[in-house]
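Please open the model in your viewer and keep the sequence panel at hand. We will go from the whole chain to a few chosen side chains, one selection at a time.

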Amino acid sequence: YQKQRILSFIYPQQDYSGAKDFNRALLSRFAVVKTDYPDPKVEETILISRTGIDKSTAQKMVSFAIAIRLNKAKDKSSFVLSTRELLLWATFYKVFKKFLPAAEIAILNKISSDDYESIKDLLTLQFKALDEKQI
């Protein structure tokens with residue numbers, strides 16, 4: 001008797017560099033649960049509870065992530081912003097007290113050259129004025 005194993009995947013797998021589809025014979029041995037990104041309010045709560053950022057900051061970061069995910073869905077970009085990357089961004093935000101330097105380390109330095117400029121432009125458009133207010 002073998003215990004049933006459950007694997008959880010975030011689909012589509014192509015959102016993650018190096019991720020490949022499983023062989024059907026291997027996949028048939030597991031139960032698969034398809035998941036999506038958390039509801040925005042839940043994702044905000046995750047950021048607040050795990051990093052200690054304030055609600056307004058969490059809302060801005062989640063809104064940005066949603067915009068990036070929509071760009072991916074519309075094939076305007078191959079980059080997608082995961083909850084894990086949002087957590088890293090929020091963690092660096094706590095250190096730098098600015099969106100853009102934190103985003104450079106947590107997000108921009110990981111993006112392919114194809115998407116780098118467009119994502120950087122979106123970040124700058126949304127967060128430069130906010131960072132300048134904090135000076």
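How much area does the protein chain expose, and what share of it do carbon and sulfur atoms supply? The protein chain exposes about 8,800 Å², and 55% of that comes from carbon and sulfur atoms. Keep in mind as we go that this is a predicted model.

**Stop 1: the whole chain**

Start with a cartoon view coloured by secondary structure. You should find 6 helices and 2 strands in the protein chain. Following the sequence, their order is β-α-β-α-α-α-α-α. The chain has 135 residues, of which 33% count as buried. If you display contacts between residues at least 6 apart in sequence, 57% of them join residues at least 24 apart.

**Stop 2: helix α3**

Now select residues 55-73, which form helix α3. You can check its length with a distance between the end C-alpha atoms, which are 27 Å apart. At 1.5 Å a residue, the 19 residues of this helix should span 27 Å, so the two values agree.

Next, look at both ends of the helix. At the N-terminal end, D54 acts as a cap: one of its side-chain oxygens is 3.1 Å from the backbone nitrogen of S56. After the helix comes D75, which has a positive phi, near 60°.

Then show the side chains that α3 buries: T57, A58, M61, V62, F64, A65, I68, R69, N71 and K72. To see what covers them, bring in other helices, including α2 (40-51), α4 (83-96), α5 (99-106) and α6 (113-133).

**Stop 3: from α3 across to α2**

Stay with R69 and add E43 to your selection. Their side chains form a salt bridge, with N and O 2.8 Å apart. This pair links distant parts of the chain, since R69 is in helix α3 and E43 is in helix α2, 26 residues away. Are these two residues buried or exposed? Both R69 and E43 are buried.

**Stop 4: S77 in its loop**

Move on to the loop between α3 and α4 and pick S77. With a relative accessible area of 9%, S77 is buried, because the cut-off for that label is under 20%. Which residues does S77 contact, apart from neighbours within four places in sequence? They are N71, K72, D115 and I119.

Zoom in on the side chain of S77 for two polar details. One of its polar atoms is 3.0 Å from the backbone nitrogen of F79. The side chain of S77 also makes a polar contact with the side chain of D115, at 3.5 Å.

**Stop 5: the other salt bridges**

Side chains of opposite charge can pair when their charged atoms come close. The structure holds 3 salt bridges, and you have already visited the one between R69 and E43.

For another, select K41 and E44, whose closest N and O atoms are 3.9 Å apart. These residues are 3 apart in helix α2, so about one helical turn separates them. E44 counts as buried, at 7% relative accessibility.

Finish in helix α6 with K128 and E132, a salt bridge whose closest N and O atoms are 4.0 Å apart. Here the residues are 4 apart, again a separation of about one helical turn. K128 is partly exposed, with a relative accessible area of 41%, and E132 is likewise partly exposed at 45%.

Methods. Residues are numbered from 1 along each chain as its sequence is written. This is a predicted model: local features need pLDDT of at least 70, side-chain atom pairs count only at pLDDT 80 or more; totals for chains, interfaces and linings use all residues. Side-chain values use heavy atoms; hydrogens and water are left out. The expected span of a helix is 1.5 Å times one less than its number of residues. Buried means under 20% relative accessible area, exposed over 50%, partly exposed in between (1.4 Å probe, protein chains only). Contact means heavy atoms within 4.5 Å. A polar contact is a pair of N or O atoms within 3.5 Å; within protein, one must be able to donate a hydrogen and the other to accept it, and residues adjacent in sequence count only if both atoms are side-chain atoms. Accessible areas come from the Shrake-Rupley method with a 1.4 Å probe; for residues, only the protein chains shown count as cover.
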